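Student: Please take a close look at one part of this protein, the residues listed as a binding site. Where do they sit?

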Amino acid sequence: MRLLLLPLLLLSVAACTSAQSPTKIDPYHYSIQKQVVAAHGAVVSAHPLASQAGALILQQGGNAVDAAIATQLALAVVYPAAGNLGGGGFLVAHLSNGKNVTIDYREKAPAKAQRDMYLDASGAANTQLSQDGHLAAGVPGSVAGLFASLRYAKLPMTKLIAPAIMLAEKGFVITALEARKLNKYAADFRKLNTRPNTFEKDTPWQAGDTLVQHDLAQTLKRIRDKGQAGFYEGPTAKLITDEMQRGHGLITLADLKAYKARERTPMVFNYKGYTILTMPLPSSGGVGLQQMMGMVENYPLAAWGFHSPQAVQLMIEVERRAYADRAQFLGDPDFVKVPVQQLTSKKYLQERMKDYDPHKAGSSEIVKAGNVAAESMETTHLSVMDDQGNAVAVTTTLNGNYGSKVVTGGAGFFLNNEMDDFSVKPGVPNMYGLLGTEANAIAPGKRMLSAMTPTIVLKNNKPYVVTGTPGGSTIITSVFQTLMNILEFNLPADRVVFESKFHHQWLPDQVDVEPDFPADVVSSLEQMGYKVVRGDVIGRTELIRVNEKGLLEAVGDKRGDDSAEGY
Ligand code: DON
C-alpha cells in the first residue's frame, strides 16, 4: 500500500509489489509505503523520509550499519517525538562475518542525581518531575551510540549525516499525525521551554506545513565536523548545560564528557532451531523475551492456533511471570547483580509454569517474582537488511512523546525524560505503570532499566527476521507476539505486524487489548476470570523477514506513518 503525501495532502493509495527505491530524497513530496518486497536491501522505520535516507545509503555502497546510522540521524529530524540526538537507544546487529554485536547507548543518571530526588519532604513521589522538564533528562547516549556503531560501517559520518542536515535545513512537510502530536503537546512546550524554538508556533500545526530546524542543522554540522566531541564537548555541550542552568536540571559538562556507549555481550538463545539475538541488560527486553519464549516452548501453540483462547491465555500467563521478575530483579548490570543465568534457565522457567492453570486466570496476588537463590508513548524502532548478510535492529527513544518536552535552547533538539524509567520509589508506578525495586533505584551514573527489545532471528546462522517496536512496557510482549506470529503461527509478513495484540505486565492485574482485538476471545478470557481492558494500539512494529525465495519482505506498522523502502 502506498500513500502519497503532498504539501496539500492529497492522499492516494497504490498496491505494493516489488520495491522501487528512491534516487533522491524530496522532503516536500513523499509517500508512506507500508510494504515492500526487495531483492537487495530494505529499511523500515517510523517515517518515510528516514527510511528513504537509509535506502539511499544502501544503494550508495553502505552496509546495513551505515543505513541504520543514516536512518537514525534522519529520524532525529523528521520524527522529533522520538527520533533523537537527546535520547538513547540500543543497536543489535548480525554481521556478514558471523559476528553478533550489541551496543548500549542508554542514557545515564547525571552525577548529581540521587536515589530520592523525586520525593518531597513527606516522602511522596512527584512523578511530574521525572516525566516533564529539565530534571527528567538523563545524560544523552544517542550520538555516542552512532559513533560506536560507525566501527562496523563502511562510509564516513560526513556522508551518513548529510540527509539529516539537508532535511533540517530545507525543512520537510509534516504528516497529519505529526501535526496532531505537535498540537497536543503545544501547552507543555510553552510551559517547559526557556527559549523560543521551532516547534512552537502561534497557530496550530497542520498536515502539509513545513518544519524547518536551523538550530538542529547547526548541531548536526558540529557533529559532522568534530565527531562525538561536536555533541559532548564544545558549543553543543555548552548549550545543553546552559539549558540545564536555566531550567534547574542536573546535567553538567563533566557528565557529557564522561558519557560512553558500551558494547555488551549479546543475548543469544535457541528457540526450536532458530537463533534469537537480542539486547541484554540494561534492557529488560532480552531477558523478558527469553523467559517468555522459554515458558511457551513446550506447549502446542501452533496447533492451538493464532488468537485461539488457549494460545492467548498461555501467552498472557507467561507475560505475567516475566514482568513480575522484571520488577523484582532487573536493573543496570554495572550497578546491581542480576541473576540472569537462573532467570533464563530451562529449569527455572518450567518451575515458573507449575501453577499455570489452562482454564483459569492466574492472579498477580499469588504469582509474584520467582524464587531465585542468592547469586553471585515515545520510542522508535528501525530494521535494516542488506545483501551482504548484515542485519541491524535499532530501538531508540526520548521515552515520552518529545521526551521532557524541553528543547535545548539554540541546539534545536529535545532532551529525553528517561529518568522516569528508574523506579523513583518502590511501589510507585512509572508512566507505563511499571514497578521496580532496589535493582532499578536511581544512582549517579547508573543506566535506567529499559524494555526496548531490538531483535534478530537467525535461521541456519543467516538473518531471517529483524524486528522491534516502541511502546514502553508493552515492547517485550509485542516483540514476543511478533516472533510467535512468525515462528509458531506462520502468518504472512503483513499480518504478523498488523494483527491485534494483547498485553499483561503482572501489575496491574489486567489484560490490555487493542481496539480491534476479537470480541469472542475477550469473552473467553473473561469467562476464565481475566479483567480485560480494551485500550489504545500496542506498539509500532517494523519487520523485515526473508521469504522462501530469499527476498526481503519489509513491513511498516499500520499504527503510524511507518514506511518501508527497498531495492
Ligand atoms: O526504554 C524504555 O523501555 C522506554 N523508555 C521506552 C518508551 C517507549 O517505548 C515509548 N513509546 N511509545
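Tutor: Contact here means heavy atoms within 4.5 Å. This is a predicted model, in which local features need pLDDT of at least 70 and side-chain atom pairs count only at pLDDT 80 or more, while totals for chains, interfaces and linings use all residues. Residues are numbered from 1 along each chain as its sequence is written, and side-chain values use heavy atoms, with hydrogens and water left out.

Under "binding site", an unreviewed UniProt entry lists Arg106, Thr397, Leu398, Asn399, Asp421 and Gly472. Of these residues, Arg106, Thr397, Asn399, Asp421 and Gly472 are included in the lining of the largest cavity. UniProt positions are in the numbering used here, feature names are shortened, and annotations may be inferred rather than shown by experiment. A cavity is a set of points, on a 1 Å grid over the protein atoms alone, where a 1.4 Å probe fits but cannot get out; lining residues have an atom within 4 Å of a point.

Take Thr397. It is found in strand S14, residues 391–397; strands are DSSP runs of E, at least two residues, numbered from the N terminus. Thr397 counts as buried because its relative accessibility is 1%, buried being under 20% relative accessible area (1.4 Å probe, protein chains only). Leaving out residues up to four places away in sequence, Thr397 touches ten residues in the list Ala82, Asn84, Gly87, Gly88, Arg106, Glu107, Glu378, Thr379, Glu418 and Met452.

Asn399 lies in the loop between S14 and strand S15 (455–459). At 2% relative accessibility, Asn399 is buried as well.

How values were computed
On a 1 Å grid over the protein atoms alone, a cavity is a set of points where a 1.4 Å probe fits but cannot get out, and a pocket is an open set with protein on both sides within 12 Å along at least five of seven lines; lining residues have an atom within 4 Å of a point. Helices (H or I, at least four residues) and strands (E, at least two) are DSSP runs, numbered from the N terminus. Buried means under 20% relative accessible area, exposed over 50%, partly exposed in between (1.4 Å probe, protein chains only).
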